[in-house]
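Visitor: I'd like a walk through this fold, residue by residue where it pays off. Could you take my questions as they come?

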Amino acid sequence: MITIDTAGVEQTAARAALAVPGVQELQPSLRHSLADAATCVRRAFGSRTPFPEAGIHAGHTPESDAWRLEVRCVVDARRRTLDIARDVRESVRAAVSPQLNARGGTASVTIVVTITRITGDRAPLHVCRSV
């Protein structure tokens with residue numbers, strides 16, 4: 001039986017998500033944020049950027065060979081958030097599928113994209129008035 005490295009899947013997914021136009025960064029999950037807070041003394045004289053894969057959480061259910069990837073993105077307001085989320089989902093799926101199916105199987109992959117923050121100037125809303 002070939003095992004798949006979850007950290008490797010997270011790294012692949014992070015690279016794919018960050019390559020999507022409009023993605024500014026990946027937002028670390030609470031577990032990563034707490035781990036970083038616990039090491040703040042070490043970083044007292046210089047802050048480091050969190051690893052991109054901190055914004056990805058991969059989970060695997062061996063019985064059904066199902067994978068669930070959660071991607072937490074900070075996006076640019078100059079592009080539609082829905083388009084960015086769709087592109088991230090498809091980019092991550094395309095990047096990780098060959099890695100997950102390396103054993104010759106067809107692993108089920110669910111990708112959940114969460115937009116945690118929108119940065120930059122938003123276009124003004126245009127309200128239509130009925131005549």
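Guide: One term before we start: contact means heavy atoms within 4.5 Å. This is a predicted model, where local features need pLDDT of at least 70 and side-chain atom pairs count only at pLDDT 80 or more, while totals for chains, interfaces and linings use all residues. Residues are numbered from 1 along each chain as its sequence is written, and side-chain values use heavy atoms, with hydrogens and water left out.

Visitor: In what order do the elements of the chain run from the N terminus on?

Guide: Helices (H or I, at least four residues) and strands (E, at least two) are DSSP runs, numbered from the N terminus. By that count the chain has three helices and four strands. Their order from the N terminus is α-β-α-β-β-α-β.

Visitor: What share of the 131 residues in the chain is buried?

Guide: Here buried means under 20% relative accessible area, exposed over 50%, and partly exposed in between, with a 1.4 Å probe and protein chains only. Of the 131 residues in the chain, the buried share is 31%.

Visitor: Of the contacts with a separation of 6 or more, how many link residues 24 or more positions apart?

Guide: Take the contacts in the chain with a separation of 6 or more as the pool. Leu69 and Ile111 illustrate sequence distance, being 42 residues apart along the chain with C-alpha atoms 4.8 Å apart. For residues 24 or more positions apart, the share of that pool is 75%.

Visitor: Which residues have the most contacts inside the largest nonpolar core?

Guide: A nonpolar core is a set of buried Ala, Val, Leu, Ile, Met, Phe, Trp, Tyr and Cys residues joined through side-chain atoms within 4.5 Å. The largest one has 24 residues. At least two residues each come from helix H1 (6-18), strand S1 (23-26), S2, S3, H3 and strand S4 (108-119). Those with the most contacts inside the core are Trp67, Leu69, Val71, Val88 and Val92.

Visitor: Is Leu69 buried or exposed?

Guide: Leu69 sits in strand S3. Beyond four places in sequence, Leu69 touches Val9, Ala13, His57, Ala58, Val92, Val96, Val109, Thr110, Ile111 and Val112. Because its relative accessible area is 0%, Leu69 counts as buried.

Visitor: And what does Val92 touch, not counting residues up to four places away in sequence?

Guide: Val92 is among the residues with the most contacts inside the core. Its partners beyond four places are Ala13, Ala16, Ala17, Leu69, Val71 and Ile111.

Visitor: Which residue of S3 stands opposite Ala58?

Guide: Two strands pair if DSSP finds at least two bridges between them. S2 (residues 56-61) and S3 run antiparallel, joined by six bridges. Opposite Ala58 in S3 stands Leu69.

Visitor: Which residue takes a positive phi in the hairpin of S2 and S3?

Guide: Most residues other than glycine have a negative phi. The hairpin has four residues between the strands. One residue in that loop has a phi of about 55 degrees although it is not a glycine: Asp65.

Visitor: Which residues of H1 are buried?

Guide: H1 has 13 residues and reaches 18 Å from first C-alpha to last, close to the 18 Å expected at 1.5 Å a residue (the expected span is 1.5 Å times one less than the number of residues). Thr12, in this helix, counts as buried because its relative accessibility is 14%, and beyond four places Thr12 contacts Ala95, Val96 and Gln99. The buried residues of H1 are Gly8, Val9, Glu10, Thr12, Ala13, Ala14, Ala16 and Ala17.

Visitor: With which side chain does the side chain of Gln27 make a polar contact?

Guide: Gln27 lies in the loop between S1 and helix H2 (30-38). Beyond four places in sequence, Gln27 is in contact with Ala54, Gly55, Arg72, Val74, Thr116 and Arg117. A polar contact is a pair of N or O atoms within 3.5 Å; within protein, one must be able to donate a hydrogen and the other to accept it, and residues adjacent in sequence count only if both atoms are side-chain atoms. At 3.5 Å, the partner side chain is that of Arg117.

Visitor: Last one: which residues is Thr81 in contact with, leaving aside neighbours within four places in sequence?

Guide: Thr81 lies in helix H3 and counts as partly exposed because its relative accessibility is 26%. The C-alpha atoms of Thr81 and Ile118 are 8.2 Å apart. Beyond four places, the contacts of Thr81 are Val75, Ile115 and Ile118.
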